[in-house]
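Hi everyone, thanks for making room for me today. I'd like to walk you through one structure, so let me put it up on the screen.

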Amino acid sequence: MKDFMNFKGRTCLVTGAGSPTGIGFATAKILAGLGADVALISTTDRIHDRAAELTVEGAKAKGYVADLMDRDRVEEVISEIASDFGGIQVLVNNAGMVQVGVEEDFDPVNEMSYESWDLSINRNLNITFNVTKAVLPYMIDADYGRIVNVSSVTGPVVSNPGEAGYSAAKAAVIGMSRALAIEVGKNNITVNNVLPGWIGTASQTEEEVAGGLNTPMGRSADASEVANAIVFLASEEASYITGESLVVDGGNTIQEYKGPSELYY
């Protein structure tokens, strides 16, 4: 019987994979374990450490340093990856949200600078567009592709004060994905989204930890629990799922009641 979710012979590109505890690297580890060749991108040299970890485990893996907001650099690095690996069949657009060495801005809209808004849109929407646009020709030529975008429940489903830019960008990723899914379905390419809720990564704040404790599951997710959803949508087995958004939030967004548990549930 054929192994369920076998990625042998597939080159998988995962962006935003520099953190050892993040969703990107968790996804890369699972893909490598299922036989994929893995290309990893982040903004810092630590990506080479992540690639080395996969190589030690027997995978073919290579790290690339790139600012994916720089469109010229995107075209360059995608061309380099396609040359190194002989193509790109799977793209996981995980980069966004936070960037090493860059402070997040949580100003309300009436106090937000235009520069802050533009940066949030650039980081959380344009990166996904930039990389997808550069990778698509290789998938179209191969008549095969899987694109999985890591959006968020913040924006498409819920939001928070001070996160207008982030919310707008992550919601826009969903709209972009739907249009693209229609455009490339005839090329045997699927485009889907995973929407994480509270995730227990190294960057999680005290407030986010508390939020996780108040989900129906009573905890934040481990990065691998989001990665498993990404990997399924990136697999051949998800061949008839496209333009969809899978929420991975421990049931948090299905709760109507948000008050103290002792008063209701």
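Let's begin at the second largest pocket, where helix α4 gives the most to the lining, with five residues. Before I go further, please keep in mind that this is a predicted model.

How many residues line this pocket in total? The lining has 16 residues, and those that lie nearest the centre are Glu104, Asp105, Ser116, Ser120 and Arg123. Two elements give two or more residues to that lining: α4, which covers 114-142, and α5, which covers 164-184. As for the space inside, the second largest pocket holds about 200 Å³. If you like to think in terms of chemistry, its lining divides into six nonpolar, five polar and five charged residues.

Now let's stay with α4 and look at one of its helix partners. Helix α3, residues 71-85, has an axis that comes within 10 Å of the axis of α4, and the two cross at roughly 40°. That angle is why α3 counts as oblique to α4. The crossing of this pair is right-handed.

Which residues make the contact? On the α3 side we have Arg71, Val74, Glu75, Ile78, Ser79 and Ala82. Across from them, α4 brings in Asn126, Phe129, Asn130, Val131, Ala134, Val135 and Tyr138. By class, the contact of α3 with α4 has eight nonpolar, three polar and two charged residues.

Next, over to helix α1, which I'll show you with two partners.

The first partner I'll take is helix α2, residues 47-56. Its axis and the axis of α1 come within 10 Å and cross at roughly 25°. Angles under 35 degrees count as roughly parallel, and α1 and α2 are therefore roughly parallel to each other. Here, too, α1 passes α2 in a right-handed crossing. In the contact, Phe25, Ala28, Lys29 and Ala32 of α1 meet Arg50, Glu53 and Leu54 of α2. Those residues divide into four nonpolar, no polar and three charged.

The other partner is helix α7. The axes of α1, residues 23-33, and α7, residues 223-233, come within 8 Å and cross at roughly 55°. That makes α1 oblique to α7, and the crossing is right-handed. From α1, the residues in contact are Ile23, Ala26, Thr27, Ile30 and Leu31. They meet Ala223, Ser224, Val226, Ala227, Asn228, Ile230 and Val231 of α7. What classes of residue does this contact have? There are nine nonpolar, three polar and no charged residues in the contact of α1 with α7.

So, to put the two α1 contacts side by side: the one with α2 has three charged residues and no polar ones, whereas the one with α7 has three polar residues and no charged ones.

That's my tour, and I'm happy to go back to any part of it. Thanks for listening!

How values were computed
Residues are numbered from 1 along each chain as its sequence is written. This is a predicted model: local features need pLDDT of at least 70, side-chain atom pairs count only at pLDDT 80 or more; totals for chains, interfaces and linings use all residues. Side-chain values use heavy atoms; hydrogens and water are left out. Axes are lines fitted to C-alpha atoms, for helices over the stretch in contact, and angles run from 0 to 180 degrees between N-to-C directions. Helices (H or I, at least four residues) and strands (E, at least two) are DSSP runs, numbered from the N terminus. Angles under 35 degrees count as roughly parallel, over 145 as roughly antiparallel, 65 to 115 as roughly perpendicular and the rest as oblique. A crossing is left-handed if the near helix is turned anticlockwise from the far one by less than a right angle, and right-handed if clockwise. Contact means heavy atoms within 4.5 Å. Ala, Val, Leu, Ile, Met, Phe, Trp, Tyr, Cys and Pro count as nonpolar, Asp, Glu, Lys and Arg as charged, and the others, Gly among them, as polar. On a 1 Å grid over the protein atoms alone, a cavity is a set of points where a 1.4 Å probe fits but cannot get out, and a pocket is an open set with protein on both sides within 12 Å along at least five of seven lines; lining residues have an atom within 4 Å of a point. Grid points are joined across faces, edges and corners, and a volume is the space filled by probe spheres set on the points.
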